[in-house]
Every structure is written in C-alpha cells, then in structure tokens.
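Colleague: Got a minute to go through this one with me? I'd like to start with the helices and then move on to the sheets.

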Amino acid sequence: MERGSTVDQLLSGYAEIVDRPVCLCSTDNVIWANEGLAKLVARSPSDLSDLHVKELFSTALVLSRARSMISANHLLHATGVEIQCEIRTIPLADEIWAVEITVKSFYDHESELAVYKQRLWTLADQVPVGIFISEVGLRVQYVNDKLVEIFESTAESLTGMGWARYFPPDERETIVSVAMEVLKGTRGETTVNIVTPSNRTKRIHVKFADVKSLDGASGFVGTVEDVTDRVAYEQSLTYAATHDNLTQLPNRAALEVDLHGIVRDVQSGRLEGVMLAFCDLDEFKSINDTFGHLVGDQLLVEMASRLGEACGDDGRAYRYAGDEFVLIFPGVVSEYEAMDILARLEYMMAPKINLDGIDFVVSGSFGYSIGMGANVSMRTLLDSADEAMYSKKASKKLLSMDLFDSSLRHNLGETD
C-alpha cells in the first residue's frame, strides 16, 4: 500500500475527533495536522504539514512501535510562547504515529500536583523510619507519622523550626551544622540525642539529602531512625566483652587495648612515660579453701572497689586473672611518684572487711615497672612488673618464715 493512501485512510479514522488537537507524524516530520491543532499554535494546517517535529514540539516525541506512550511536552506557538501539554503517541502503520494533544492549564497541574503530594505523604506514613522535608533552608514543611512517634510530639510542633528545640544545645549545634552543609549541595548524616516531652533521651541517626526547587531555593529531605535500643544493646555487648563480670573492672582484653594505645603515645613522645603495677592478693587461695568461693568472691569485689578508688582520676585498675590486678598510671615516670602510689594502694587495702561477723584482713603484693622512650613495649612493661611482684611475694614468704621460726624458738626457750 502506498504511503499516501495509508495516510488518507488514517485521516478518515480521525474524522470524529476533528475538534481535538491531532496530527500524524513520522519519526521526523509532521504529515498532517487538523484544524484544532492549527488554531492552537496560530498556524494554518498547510503550514504544519511536512514541518519538522522539532519546530512544533520543544522536546522529541516519545515513540514506540509496540504501544501508545504518554509524555509531557510543550507546543511551540507561532509567537514563540510554549504551551504546556500532555502528548499521547499511538503507533499506526508504516512508521506513522497519531499524536493526540491535551493542553494542561495551571489548574490542571495544581490538581495533579496535589494528588501526587497526597500519594507521597500516604506512602511516607507507611514506612518504618521518620521522614522530614524542608521547604527552604532549615524550615521543615512536612514530617511523617513515624517521625512524630519518635519525637513523641505532634506534626505541628515539629514543622517550621520547631524540630530544633528537641536537641540539647551541643547536639543542636551538631545537627544544624550538618544540615547547613547539606544545603550547600552535599549529603550528610550524624547520630545525636534528642529529649522528648516526657524527658526521655533518645539516640537517633539522621540522614540528609539536598533538594532544590524550580526557583533554585535550597532545602533538604531526610530520614530519622531511632537507634536508642540498638546503641544500648551494642554498648552492653561492648561492656560485657571488656569488663569482668564479677568485679565490674575492665578485664584483660580492655587492658591490652588501653595499654597498646598508651605505649604508642609514649613511643611517639606524646606521653612522657607510664607506670604499670601488678597486684596479687596474699594467701587468697587459703581463704577460698577455708571459707568457700562465695566469701572469696565477696572479698574480690571489695578489693577491686578499693583498688579502683585508690587509682583516682589519674590511673585505672584492671582484673587481670583470678586474684591478680593490673594498675596503669599514665604520665608517672619517677620512682618517688611510684612509691607514693604503692603506699596509697596498700593503705586503701588495709582496713578489715567484715563478712557475716568474721573480720578479714587482705593484703596484696605489688610490683611495678616504668616505661619511657621510643623502645618501651607492652610486653616488657607487663613482664617487668610481674617479675617484681613475684619477687615481692617471695620476700614476704621468707620474712613470714623467719618470723615464725624466731617465734617458735622463743617459745621453746632456745637462744642463739
């Protein structure tokens, strides 16, 4: 079939819609246009025939050989004015499409925009994270139901600049700083605290993305996730992994992490030196064997508390193993300071402990080492202090044996 006869047949099929703006197009040219379209763009139908589509539409037509397509476009009026319209292209035959044009008025767009906004808000209220949208700058225009739930407030109190008052002053400075950077065209996120009207503190994670309106004004959209329970759970896991379950002192794993960092500071010169002390409770095994592990555990808890208190703000106590404790004092480099600290530790341990009417006196054997300079190592500090502690413990045993022997000889009436 010849192209001309095909067009004639197609034209006859459009006789009943002659008042609607319609044209037939190939991929590049307008083949035919009706009177309705000619009036719309202030041209004659003959002027439109064989016109390149770029001279009638501001953007290329969306054409498919398989199905009809709908797209937004602009008609080019003879005066140069662009007319907003909706285009439906319908595949016909021989690379020919019918193009139906619906002019979109301002009110049509406003109505459609309202529908889309309502759909967006409805969808936003279904998601399990808080959502907020700013209109211009830091002023929030919209919050979803989940955000209202997280802040335990109302949508009205969160819009505008109301959302900022839920952050403590230092946290508010952080969140505003991130938001201001986002308004410059970046993305940002941070984790901060809020205080709800019920005076409950929550930890939230906030993500921002910048958006710009048609007039170039900067705003942002964002999400808020309540991570209070997750953070608390993670902190509890971290605490359990780094603290002794009985005494609540930091454990051996925490000691290794902390000491590694301190040694690096000493090696680099950021810290002048460090004192490390080992403490082993004297005759603790005999107490456990005589009075049982329940009493032993109570004594361990008390001695751990005393050692921690004796360390003060300048040091830290760790439960190393069994009845052994390690104490670290960053910045201590002189023997005089070290001896003063050991005296304080022994003094704090000296008072009696009464358990179920029984008085216990628990002492400890201490050994220490001081590390300074670039060659200091964690292993050397631990080994030196451990060796010094066992040397002190052995000396106590020898002294105890000498005193016992002298007392026995005195009781037997022996003289040297």
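Colleague: Which residues of α10 meet α11?

Modeller: This is a predicted model, to say that up front. On the α10 side you have F284, I287, N288 and F291, and they meet H293, V295, G296, L299 and L300 in α11.

Colleague: And how does that contact split by class, nonpolar, polar and charged?

Modeller: Six nonpolar residues and three polar ones, with no charged residues in the contact of α10 with α11.

Colleague: At what angle do the axes of α10 and α11 cross?

Modeller: Roughly 140°, and the axes come within 7 Å. α10 covers residues 284–291. Angles over 145 degrees would count as roughly antiparallel, so with that crossing α10 is classed as oblique to α11.

Colleague: OK, switching to sheets. What's the strand order in the one with β11?

Modeller: β12-β13-β11-β16, four strands in an open sheet with antiparallel pairing. The edges are β12 (316–321) and β16, each of which pairs on one side only. On average, neighbouring strands there are turned by 20° against each other, if you ignore direction.

Colleague: Which helix packs on that sheet?

Modeller: α11 again, residues 293–311. It touches β11, β12, β13 and β16, and its direction makes about 10° with that of β13.

Colleague: How many residues of β11 are buried?

Modeller: Nine of nine, over residues 273–281. G273, M275, A277, C279 and L281 point one way, while V274, L276, F278 and D280 point the other, and all of them are buried.

Colleague: D280 is in that list. What's its bridge partner in β16?

Modeller: S365 is the partner of D280. β11 and β16 (residues 364–372) run antiparallel and are joined by nine bridges.

Colleague: And how many bridges on the β13 side?

Modeller: Seven between β11 and β13, antiparallel too, with β13 spanning residues 324–330. Two of the pairings there: C279 stands opposite F325, and F278 stands opposite V326.

Colleague: Now R319. Where is it found?

Modeller: R319 is in strand β12.

Colleague: Buried or exposed?

Modeller: Buried. The cut-off is under 20% relative accessible area, and R319 counts as buried because its relative accessibility is 15%.

Colleague: So what does its side chain make a polar contact with?

Modeller: The side chain of D244, at 3.1 Å.

Colleague: What else does R319 touch?

Modeller: Leaving out residues up to four places away in sequence, R319 touches D244, L246, T247, L249, P250, N251, R252, L300, E324 and F325. You've met some of those already: L300 is among the α11 residues that meet α10, and F325 is the one opposite C279.

Colleague: Nice link. Last topic, the five-stranded sheet: what order do its strands come in?

Modeller: β2-β1-β5-β4-β3, an open sheet with antiparallel pairing. Its edge strands are β2 (30–33) and β3 (69–76), each pairing on one side only. Ignoring direction, the average turn between neighbouring strands in this sheet is 30°.

Colleague: How many bridges join β3 to β4?

Modeller: Eight, with the two strands running antiparallel and β4 covering residues 82–91. If you want a pair to click on, A72 stands opposite E86 in β4.

Terms used. Residues numbered from 1 in each chain as written. Predicted model: local features only at pLDDT ≥ 70, side-chain atom pairs only at ≥ 80, totals over all residues. Heavy atoms only, no water. Buried < 20%, exposed > 50% of the residue type's maximum accessible area, 1.4 Å probe, protein only. Pairing = 2+ DSSP bridges. Axes fitted to C-alpha atoms, helices over the stretch in contact; angles between N-to-C directions. Contact = heavy atoms within 4.5 Å. Polar contact = N/O pair within 3.5 Å; in protein donor to acceptor, adjacent residues only side chain to side chain. Parallel < 35°, antiparallel > 145°, perpendicular 65-115°, else oblique. Nonpolar A, V, L, I, M, F, W, Y, C, P; charged D, E, K, R; others polar.
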